[in-house]
Amino acid sequence: MKGSILVISGPSGSGKSTLMHEMIKRIDNTYFSISTTTREQRDGEIEGKDYFFISKDEFRKGIEEGNFLEWARVHDNYYGTSLKPILKELNAGKMVIFDIDVQGHKIAKEKFGNIITSVFVTTPSLDVLKERLVQRGTDLPESIEKRLNNAISEMTRIKEYDFLLINDYFDKTLESLVSIANASKNRISSLNTEEFISSWI
Ligand code: ADP
Ligand code: 5GP
């Protein structure tokens with residue numbers, strides 16, 4: 001495989017989607033992995049662009065059939081990355097971007113560790129995270145409570161990642177993310193160095 005994977009994780013509401021949306025415009029040859037989920041579609045979300053929305057029964061069938069590269073239960077719903085499109089894009093030499101949780105990152109690392117660069121995005125504090133979730137206005141109070149509780153346990157896993165970005169000032173965080181993504185293209189472990197050396201000699 002010729003491509004690479006950039007994993008972005010972090011508490012829901014920390015700014016991952018907004019950052020990735022802007023990052024993709026600034027980097028060539030990327031493919032954003034569209035996850036499949038059983039959670040309800042939010043206002044403004046587009047099927048096949050933000051997520052593929054399916055039922056829990058359909059999701060369980062997908063697990064049995066081995067369709068997922070990784071999957072996890074997050075906030076009482078299933079979320080997963082389909083294997084087939086990812087292999088196709090990696091073979092085409094793309095940088096594939098995953099927005100997945102800490103459980104998914106662990107599994108992806110076991111399978112594709114040598115080509116993964118991982119970034120954990122969070123807010124300066126739990127209070128700021130709460131403000132952003134409330135201000136986003138897409139989740140009911142009960143769902144916000146679940147996301148805040150989950151955020152506390154996700155924060156304990158920061159050390160499993162290559163980079164930490166504290167998303168205080170958006171433009172500054174975006175600049176750092178773009179730098180990390182560009183640098184990750186030159187990771188020795190994701191390059192075919194043998195082919196390069198034999199052509200170089
Ligand atoms: P996630 O994808 O991690 O769940 P979002 O990208 O939906 O998070 O961002 C959550 C909310 O925070 C959105 O309303 C977004 O516009 C806002 N946001 C993102 N980054 C910042 C920032 N640096 N400062 C203030 N608000 C931000
Ligand atoms: P949200 O419901 O806010 O869109 O996402 C909730 C959480 O699910 C986020 O932490 C996000 O990173 C994670 N997530 C989204 N897609 C996937 C996926 O395909 N696999 C895994 N493991 N987590 C995902």
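This briefing describes how two ligands sit in the structure above.

The structure is a predicted model, in which local features need pLDDT of at least 70 and side-chain atom pairs count only at pLDDT 80 or more, while totals for chains, interfaces and linings use all residues. Residues are numbered from 1 along each chain as its sequence is written, chains are lettered from A and ligands numbered from 1 in the order in which they are written, and side-chain values use heavy atoms, with hydrogens and water left out.

**Ligand 1**

- Ligand 1 is surrounded by 14 residues (each with a heavy atom within 4 Å of it), and the closest are Gly 13, Lys 16, Ser 17, Thr 18 and Arg 136.
- Its polar contacts (pairs of N or O atoms within 3.5 Å) include one of 2.7 Å between a ligand oxygen atom and a polar backbone atom of Gly 13, and one of 2.5 Å between a ligand oxygen atom and a polar side-chain atom of Ser 17.
- A nitrogen atom of ligand 1 lies 3.4 Å from a polar backbone atom of Phe 170; taken alone, ligand 1 exposes 570 Å², of which the protein buries 79% (Shrake-Rupley method, 1.4 Å probe).
- The helices (DSSP runs of H or I, at least four residues) α1 (16-26) and α5 (126-136) each supply at least two residues of the shell around ligand 1.
- By class, that shell around ligand 1 divides into two nonpolar, eight polar and four charged residues, with Gly counted as polar.

**Ligand 2**

- Around ligand 2 there are 19 residues, the closest being Arg 39, Tyr 51, Tyr 79, Asp 99 and Arg 147.
- An oxygen atom of ligand 2 is 2.6 Å from an N or O atom in the side chain of Arg 39, and an oxygen atom of the ligand lies 3.1 Å from a backbone N or O atom of Gly 80.
- A nitrogen atom of ligand 2 is 2.7 Å from a polar side-chain atom of Asp 101; taken alone, ligand 2 exposes 510 Å², and the protein buries 96% of that.
- The strands (DSSP runs of E, at least two residues) β5 (68-74) and β6 (77-82) are the elements that give two or more residues to the shell around ligand 2.
- The shell around ligand 2 holds five nonpolar, seven polar and seven charged residues.

**Domains**

- Ligand 2 lies between domain 1 (1-29 + 94-201) and domain 2 (34-92), because both give residues to its shell; the domain bounds come from an automatic or database assignment.

Key
Polar contact = N/O pair within 3.5 Å; in protein donor to acceptor, adjacent residues only side chain to side chain.
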